[in-house]
Amino acid sequence: MRDAPGAADLIATALESFRADILPGLDGQGRYRGLMVANALAIALRQIEAGDAPLEAGRARLAAIYPGEVSGPARLAADIRAGTFDPGRPGHAAVAAHLRALARDKAAESAPRALDRPGPET
């Protein structure tokens, strides 16, 4: 058992202080690098906050696509390249839904503002 504050709270505090106290004093290349550090901390914080839920959801979707098998993204990629799930073929809708959910989960962690933009589904 760990003492409080936990990793998410520590990163959130460090990120807030970095953005408020350090980043405004940087310019040029230092500011660019500082923005990369702030972005990396923000991504790490969102990953900690999300926990394993996105990974488990992805595994569950793959299990539904390949019932009774243990298959990962490499198998799915090979099947997509082979045309196994082309439009009109069995499993196309499930694979398309999985890929949309996967993209949403990744964007939620790495670039959440991108989710606010209208996309083809809206």
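A salt bridge here is a side-chain nitrogen of Lys or Arg within 4 Å of a carboxyl oxygen of Asp or Glu. By that rule, the interface of domain 1 and domain 2 holds zero salt bridges. The structure is a predicted model.

**Two domains**

The domain assignment splits the protein into domain 1 (7–50) and domain 2 (52–115). Their centres, taken over C-alpha atoms, are separated by 31 Å. The two parts do touch: five residues of domain 1 are in contact with eight residues of domain 2.

How much area is buried between domain 1 and domain 2? About 440 Å². Carbon and sulfur atoms give 50% of that area. On the domain 1 side, the residues that touch domain 2 comprise two nonpolar, two polar and one charged. Polar contact does occur across this boundary, with a count of three residue pairs, both partners at pLDDT 80 or more.

| Item between domain 1 and domain 2 | Value |
|---|---|
| Separation of centres (C-alpha atoms) | 31 Å |
| Buried area | about 440 Å² |
| Share of buried area from carbon and sulfur atoms | 50% |
| Salt bridges | zero |
| Residue pairs in polar contact (both at pLDDT 80 or more) | three |

**Salt bridges**

The count by this rule comes to three salt bridges. One of them joins the side chains of arginine 61 and aspartate 105, at 4.0 Å from N to O. Arginine 61 sits in helix 3 (residues 53–65) and aspartate 105 in helix 5 (residues 92–110), so the pair ties together parts that are 44 residues apart in sequence.

**The annotated region**

What does the UniProt record say about residues 24–113? An unreviewed entry carries the annotation "domain: DUF6285" over that stretch. Over residues 24–113 the chain is 72% helix and 0% strand. The end C-alpha atoms of this stretch are 22 Å apart.

**The start of the chain**

Which residues does a cis peptide bond join? The bond links alanine 4 and proline 5, and its omega is about 0°. Proline 5 belongs to the segment before helix 1 (7–22).

Notes
Residues are numbered from 1 along each chain as its sequence is written. This is a predicted model: local features need pLDDT of at least 70, side-chain atom pairs count only at pLDDT 80 or more; totals for chains, interfaces and linings use all residues. Side-chain values use heavy atoms; hydrogens and water are left out. Domain bounds come from an automatic or database domain assignment. Contact means heavy atoms within 4.5 Å. Buried area is the accessible area (1.4 Å probe) that two parts lose on being put together, summed over both. A polar contact is a pair of N or O atoms within 3.5 Å; within protein, one must be able to donate a hydrogen and the other to accept it, and residues adjacent in sequence count only if both atoms are side-chain atoms. Ala, Val, Leu, Ile, Met, Phe, Trp, Tyr, Cys and Pro count as nonpolar, Asp, Glu, Lys and Arg as charged, and the others, Gly among them, as polar. UniProt positions are given in the numbering used here, feature names are shortened, and annotations may be inferred rather than shown by experiment. Helices (H or I, at least four residues) and strands (E, at least two) are DSSP runs, numbered from the N terminus.
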